[in-house]
Amino acid sequence: MKPRFILALSMSLCVASLPMFAYGAPFYKTTRMNVADVTGKVTDAKGESLIGVSVSIKGTTKGTLTDVDGKYTLNANTGDVLVFTYVGFKTREVPVTAGMSPMTVVLESTATDIGEVTVVGTRSNKPRTDVSRPAPVDVLSAKDLQLTGQVDLAQMVQFTSPSFNSAKYGINGVANYADPATLRGLSPDQVLVLVNGKRRHQFSALNLNVTVGKGTVVTDMNTIPSLATERIEILRDGAAAQYGSDAIAGIVNIGLKKSINQGSFKSQYGVTGEGDGASYLAAVNYGIGLGKDGSYLNATLHYQFSEGTDRSENYRGRIYTAASATWAAEDAARAVTGIWSSTNGTGISDFKVSQYGSNQTLAYQGFVNMGYPIDDEWSFYGFGGGSQKQIKAGAFFRTAQPTNANSNLAIHPNGYAPSLPGATLDYSGVVGLQRKTKEGWNMDFSTGYGYNYLDLWAKNTSNPSLGGASPKDFYVGRSAFGQRTTEMNFSKAFKELFDLKDWNIAMGMQHRVDAFQLVEGDPDSYAVGALATAQGKAPGSSGRPGISADDRVDARRSNMGGYLDIECEPTDKWLLTTAVRVERYSDFGNNSTGKMAGRYKLTENFSLRGSINKGFRAPSLQQIFNSVTTSTVQAAQIRQTKQLRSDDPRLAQIGIGAPQAEISWNLNAGVTAKLAGAKNAAGTEYSETLFTLDAYQIDIANRIIISEALPVASIPALRTRFPGVQEISFFTNHLSTRTTGVDLVVSNKYMFDNNHILNTSIALTNSVTTIQNVKATPDSLTNGATYNVLMIDTISRSLIETGQPRTKILVSVGYQAGKWNTNARLSYFGNVQAWEKPTGGFHRTQIFGAKTLVDLSIAYNLTPKMNITVGCNNIGNVYPDKVYSNYSSFFDGQTPYTRNANQFGFNGSFYYANVNVTF
């Protein structure tokens with residue numbers, strides 16, 4: 001592995017050097033002399049300190065951010081040019097001259113950025129640190145994200161935010177193509193994703209596998225290039241009253257870069273400790289001005305290829321003989337064909353029959369972000385991009401046992417493992433006009449469209465019911481989702497209105513249209529052949545049956561919403577906010593939400609905060625209209641298994657109503673502090689500690705689930721309405737849950753001097769979700785039934801309650817010493833639990849113990865414009881606990897790590913090197 005890694009590092013260095021030759025000399029020349037510390041403060045026109053302003057030396061990678069008091073210190077030369085960049089303000093350049101320090105820099109607000117959500121969770125343009133906000137927000141900088149060494153954006157967030165959880169899957173349905181991501185232990189569809197403060201569309205396909213997020217639709221964050229991201233804000237509080245449906249657990253807002261006259265190039269290669277999963281990415285970002293102050297056009301291109309990994313074990317199952325046969329008989333059958341080696345009577349083979357791990361991925365992505373001031377009041381903005389991904393997923397091995405329903409000896413006489421490739425296209429665009437009037441009103445008018453489709457195939461497989469006439473490769477079908485959003489927002493800040501210090505009033509309206517489609521696959525992918533009844537062979541393409549013509553869907557709905565948001569500071573100590581929102585959906589009617597939050601400063605650096613809000617999540621179009629029909633054979637009879645559309649009239653006849661909105665109540669209370677910093681002899685603060693502690697409770701009523709598969713033959717009410725159908729399932733509001741938890745974040749920055757800086761942080765979350773109430777099964781289903789009819793069983797309950805770590809701790813230490821930068825991160829993932837029910841047996845469970853991962857990286861600045869980083873994620877090569885080998889979910893060694901819980905993945909250590917070039 002080491003020679004391969006060194007060779008890859010050399011290649012990355014060679015590739016990374018190309019932009020330096022291509023772009024030639026720097027954009028300007030200057031005489032450099034008199035190295036000195038430049039200090040100062042950055043404020044807005046009103047004298048308010050601006051926190052987190054980027055202060056960099058033009059043409060170099062050197063830079064810093066202003067602290068909570070708006071102050072900065074940067075080692076610079078006379079003749080250097082300092083570039084001050086901040087969202088919502090015009091970029092300013094200031095030459096370094098002798099005797100200029102300390103200096104106050106005033107940034108001017110630009111109409112291009114008015115109305116944009118600077119910090120998610122507020123409609124006010126006034127910047128605030130986390131210690132002064134009424135609700136907790138994690139702000140992850142681009143540097144924080146890139147330091148993880150991860151390839152995908154969601155994985156970068158996974159290892160920088162404790163409340164956020166996302167893991168890679170293998171052999172797991174739709175989760176192969178879009179990673180489920182959750183916040184505060186809730187479902188993937190209970191967190192809202194924004195880009196530049198605008199709603200992001202969701203993935204098209206519905207996750208129906210037994211895994212975290214079963215029955216939900218995710219938002220695929222990995223379609224956005226990480227190099228296009230300036231920062232990510234995670235609001236850990238409900239915000240449906242401000243932003244609409246889905247914001248129950250919180251919001252993830254992805255802020256795009258706006259920088260101009262500077263660019264960056266990144267090249268990274270990595271490989272696992274097992275020598276597989278080689279991953280390469282190359283990305284470039286550059287911004288230009290458009291001829292006016294405050295204008296920008298920032299673009300990013302991203303290429304990524306990741307090989308798949310395989311963590312399956314040697315096969316412990318049979319290929320040719322039935323379970324009742326001896327292993328000697330199985331070995332004899334293998335000897336006849338000469339294809340598979342003998343187990344020597346042990347039942348354990350020396351080969352693998354399938355692949356289980358991260359999926360092979362090829363991705364091409366591009367994103368742009370632009371703004372242009374038209375005149376003193378009006379400006380134009382737009383952003384968007386596209387992503388094309390090709391993903392190769394796997395499936396379980398199909399044996400060559402003649403009586404097995406999935407075998408097809410005419411085509412695959414020695415068994416087969418299907419390959420399940422998918423291609424997903426994702427694109428989006430938003431354009432808008434903003435205006436700042438002379439009277440102080442901020443106006444924002446925008447419209448946007450986002451679209452995603454997933455095409456699926458099944459290859460190296462067969463339709464067993466067609467026998468020798470079956471193809472080996474099938475087009476399975478397409479799911480597609482589109483969302484059009486048009487909105488207008490108005491806000492204005494008032495001074496001393498009603499004798500109160502500060503007011504901000506915001507209001508707006510939003511109109512949204514959603515569309516969902518299912519397109520059928522090849523007829524052979526869902527055909528029922530003659531061998532279905534003659535030999536009991538399974539119809540449809542094995543591994544992934546096709547979408548049938550009967551399941552074709554083309555559905556849409558619209559909704560209109562309006563909100564009012566008021567934020568005021570009655571005194572220097574109090575900050576109070578309230579918001580109300582009313583929406584009307586074309587399918588299920590009206591919904592209203594509200595929120596109140598406040599912060600009280602006990603001292604300048606110590607505050608209390610809290611919030612209460614009522615939220616909601618509308619059922620997704622996929623949950624309402626998705627339809628899946630598969631066919632099986634029982635007693636020589638073809639039986640269908642159907643996941644029903646929610647508008648099927650037969651559901652109402654058995655007491656199942658159409659899904660309604662989930663309703664949530666979210667309570668949050670917290671303490672924030674900025675601890676006193678140490679000072680040197682000159683009185684300059686060079687150490688500071690920030691502390692936030694928040695406790696929360698989230699109650700969700702009418703939680704939507706997909707029911708268990710109900711056997712038609714065992715329920716009289718179903719037998720009369722679903723002839724020829726073996727099982728049915730459907731979506732319904734059936735649960736009430738409660739989530740309680742605590743989030744703790746402590747960070748410290750200690751500057752020994754400008755060349756020696758120590759950053760430390762600890763972030764912890766502990767959350768527990770429990771099912772509080774389960775609705776009774778309708779009498780129409782239980783009357784005369786031959787078993788206890790349950791809409792949700794133990795396995796599905798565990799996905800909600802114990803499928804994710806209840807505790808997650810992130811500890812990081814970063815030390816910068818001149819040109820060297822070393823970072824270490826410890827990630828603790830609490831235990832998870834999964835259940836299974838063997839055929840004919842009782843439910844049984846397994847607890848997968850807590851694990852700690854350690855990451856280490858070392859970076860070196862080769863030149864002011866180039867740095868190289870080498871690192872290892874999970875340096876201890878830690879894996880989750882394995883599934884018990886006698887459990888059915890072990891699948892004879894094909895899946896030794898559980899597919900039914902989401903902890904941290906199972907690829908082991910990952911070694912990488914990357915080169916970053918600025919120009």
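**Exercise 1. Contacts along the chain**

Task: In this predicted model, what share of the contacts between residues at least 6 apart in sequence joins residues at least 24 apart?

Solution. Step 1: take the contacts in the chain between residues at least 6 apart in sequence. Step 2: pick out those that join residues at least 24 apart; they make up 71%. Step 3: set this beside the make-up of the chain, which has 12 helices and 42 strands. Step 4: add burial, and you find that 57% of the 919 residues are buried.

**Exercise 2. How confident is the predictor?**

Task: Find the average pLDDT of the chain, and then a stretch where the pLDDT stays under 50.

Solution. Step 1: the average over the chain is 88, and 90% of the residues score at least 70. Step 2: now look at residues 1-34, where the pLDDT stays under 50. The model has 52 contacts beyond four places in sequence for these residues. Step 3: residues 111-118 also have a pLDDT below 50, and 37 contacts beyond near neighbours in sequence.

**Exercise 3. Strand β14 and its partners**

Task: Is β14 mostly covered or mostly open, and which way does each of its residues point?

Solution. Step 1: check burial. Seven of the seven residues of β14 are buried, so the cut-off of under 20% relative accessible area is met by each of them. Step 2: recall a general pattern. In a regular strand, side chains alternate between the two faces of the sheet. Step 3: sort the residues by direction. Gly 250, Val 252, Ile 254 and Leu 256 point one way, while Ile 251, Asn 253 and Gly 255 point the other way. Step 4: look for partners. β11 runs parallel to β14 and is joined to it by five bridges; one example is Val 191, whose bridge partner in β14 is Gly 250. β13 runs antiparallel to β14, with six bridges between them; here Ile 232 has Ile 254 as its bridge partner in β14.

**Exercise 4. The largest nonpolar core**

Task: Which residues of the largest nonpolar core touch the most other members, and which element gives the largest share?

Solution. Step 1: this core has 30 residues, and those touching the most other members are Val 157, Met 221, Ile 232, Val 252 and Ile 254. Step 2: list the elements that give two or more residues to the core; among them are α3 (153-158), β11 (191-195), β13 (229-235) and β14 (250-256). Step 3: α3 gives the largest share, four residues. Step 4: zoom in on Val 157. Leaving out residues up to four places away in sequence, Val 157 touches Leu 140, Leu 145, Phe 164, Met 221, Ile 232 and Ile 234.

**Exercise 5. An open sheet**

Task: In what order do the four strands of the open sheet lie, and which are the edge strands?

Solution. Step 1: the order is β3-β2-β5-β6, with antiparallel pairing. Step 2: β3 (63-65) and β6 (92-95) are the edge strands, since each pairs on one side only. Step 3: neighbouring strands of this sheet are turned by 20 degrees against each other on average, direction ignored. Step 4: look at one pair. Four bridges join β2 (residues 54-57) to β5 (residues 81-85), and Ser 54 has Thr 85 as its bridge partner in β5.

**Exercise 6. Salt bridges**

Task: How many salt bridges does a search of the whole structure find, and why does the pair Asp 514 and Arg 557 tie together parts that are apart in sequence?

Solution. Step 1: the search finds 34 salt bridges. Step 2: in one of them, the side chains of Asp 514 and Arg 557 meet at 4.0 Å, N to O. Step 3: Asp 514 lies in strand β23 (residues 502-520) and Arg 557 in strand β24 (residues 553-569), so the pair ties together parts 43 residues apart in sequence. Step 4: check burial. Asp 514 is buried at 6% relative accessibility, and Arg 557 is buried at 7%.

Step 5: now try the salt bridge between Glu 520 and Arg 552, at 2.7 Å, N to O. Because Glu 520 lies in β23 and Arg 552 in the loop between α7 (531-534) and β24, this pair ties together parts 32 residues apart in sequence. Glu 520 is partly exposed at 25%, and Arg 552 is partly exposed at 48%. Step 6: finish with a network. Salt bridges that share partners join Asp 138, Arg 184, Arg 236 and Asp 743.

Notes. Residues numbered from 1 in each chain as written. Predicted model: local features only at pLDDT ≥ 70, side-chain atom pairs only at ≥ 80, totals over all residues. Heavy atoms only, no water. pLDDT = per-residue confidence, 0-100. Contact = heavy atoms within 4.5 Å. Buried < 20%, exposed > 50% of the residue type's maximum accessible area, 1.4 Å probe, protein only. Core = buried A, V, L, I, M, F, W, Y, C linked by side-chain atoms within 4.5 Å. Pairing = 2+ DSSP bridges. Axes fitted to C-alpha atoms, helices over the stretch in contact; angles between N-to-C directions.
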